[in-house]
Amino acid sequence: MTVDSPQPAVQRLPGPSTNLASPDGSSVPPTPRSGGAKVRILETATRLFYEEGIHSVGVDRLISEASVTKATFYKHYGSKDNLILAYIRTQHERVQERLEQLVTDAGSSAAAVRAWVAALADEVNDPDFRGCAFLNAAAEYHDSHDPVREVVATHRDWYTDRLATLLQESGHQLPGDGADELMLARDGAMAGAYAGDAIAATAALGRVVDRVLAA
């Protein structure tokens with residue numbers, strides 16, 4: 001990872017980040033809200049990293065748009081690298097919370113999977129949708145051992161395991177295989193919706209889910 005200044009070394013896993021969960025639970029970063037300097041910095045990074053890419057946004061711009069001093073920025077995050085990890089971890093927490101809420105609200109595990117598809121369809125049709133935040137981040141870091149890629153991998157492992165649990169509870173004979181299919185279909189739907197036809201992409205995802213749930 002590129003360190004923007006000779007500040008303290010990157011912390012591999014920063015402490016718990018501020019919860020930025022949005023009402024609709026999508027992976028599109030939530031609308032910023034007022035708060036302290038640390039919150040403003042993370043909100044600003046969340047918006048800019050998602051809209052424009054992580055590498056393209058420098059520390060000076062983050063400081064300017066968050067309306068903080070350079071000293072305040074480094075006091076709270078130490079380096080851009082630490083802020084990047086906080087951003088990725090926050091997105092992971094938001095997806096976790098949204099999926100667990102969907103499961104809680106659903107009447108069954110199969111219903112939760114279908115609700116998940118509906119939520120994804122809403123997400124990709126959001127005007128602010130710019131693709132999957134995790135796939136976007138992974139595309140910017142070629143080294144699979146980079147801390148950013150490790151957080152992304154942890155997120156995807158959790159995601160696949162959670163879907164496998166839901167499929168197992170719904171009676172699927174091979175829940176691990178089914179979860180892999182759902183994740184692949186989900187990735188394709190998010191990429192296809194952003195680059196092409198969102199309706200066609202989510203309809204295809206729905207067909208995959210129907211087949212998996214019927215297995």
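Okay, a quick definition before anything else: accessible area here comes from the Shrake-Rupley method with a 1.4 Å probe. With that in hand, the protein chain exposes about 10200 Å², and carbon and sulfur atoms supply 52% of that. Please keep in mind that this is a predicted model.

So, how confident is the predictor? The mean pLDDT of the protein chain is 87, and 84% of the residues reach 70 or more. Now the weak spots. Residues 1-26 stay under 50 in pLDDT, and the model gives them 60 contacts beyond four places in sequence. Then there's the stretch 28-33, which is also below 50 and has 18 contacts beyond near neighbours in sequence.

On to the fold. What is the chain built from, helices or strands? It has nine helices and zero strands, so to speak an α-α-α-α-α-α-α-α-α run from the N terminus on. Of the 215 residues, 49% count as buried. And if you take contacts between residues at least 6 apart in sequence, 69% of them join residues at least 24 apart.

Let's look at one helix pair, down at helix 8 and helix 9. Helix 9 covers residues 198-214, and its axis comes within 8 Å of the helix 8 axis, crossing at roughly 175°. Angles over 145 degrees count as roughly antiparallel, so that's what these two helices are to each other. Who makes the contact? From helix 8 you have G178, E181, L182, A185, R186, A189, G192 and A193. From helix 9 it's A198, A201, L205, V208, V209 and V212.

Okay, salt bridges, which I guess some of you have been waiting for. How many does a search of the whole structure find? Eight. I'll walk you through three of them.

First up on my list is E65 with R47, where the closest N and O atoms are 2.8 Å apart. E65 sits in helix 2, residues 59-66, and R47 in helix 1, residues 37-52, so this pair ties together parts that are 18 residues apart in sequence. Both ends are partly exposed: E65 has a relative accessible area of 33%, and R47 comes in at 27%.

Next, R162 and E100, with their closest N and O atoms 2.7 Å apart. Here the link runs from helix 7, residues 147-169, where R162 lies, to helix 4, residues 80-105, where E100 lies, so parts 62 residues apart in sequence get tied together. Is R162 buried or exposed? Buried, with a relative accessible area of 16%. Its partner E100 counts as partly exposed, at 32%.

Then we're back on helix 7 with R156, which forms a salt bridge with D187, closest N and O atoms 2.6 Å apart. D187 belongs to helix 8, residues 175-195, so the pair bridges parts that are 31 residues apart in sequence. This time the acid is the buried end: D187 is at 14% relative accessibility, while R156, at 23%, counts as partly exposed.

One more thing on salt bridges. Some of them share partners, and that joins R47, E52, R61 and E65 into one network. You'll recognise R47 and E65 from the helix 1 and helix 2 pair a moment ago.

If you open the model yourselves, have a look at that network, and then at the helix 8 and helix 9 contact. That's me done, thanks!

Key: Residues are numbered from 1 along each chain as its sequence is written. This is a predicted model: local features need pLDDT of at least 70, side-chain atom pairs count only at pLDDT 80 or more; totals for chains, interfaces and linings use all residues. Side-chain values use heavy atoms; hydrogens and water are left out. A salt bridge is a side-chain nitrogen of Lys or Arg within 4 Å of a carboxyl oxygen of Asp or Glu. Helices (H or I, at least four residues) and strands (E, at least two) are DSSP runs, numbered from the N terminus. Buried means under 20% relative accessible area, exposed over 50%, partly exposed in between (1.4 Å probe, protein chains only). pLDDT is the predictor's confidence in each residue, from 0 to 100. Contact means heavy atoms within 4.5 Å. Axes are lines fitted to C-alpha atoms, for helices over the stretch in contact, and angles run from 0 to 180 degrees between N-to-C directions. Angles under 35 degrees count as roughly parallel, over 145 as roughly antiparallel, 65 to 115 as roughly perpendicular and the rest as oblique.
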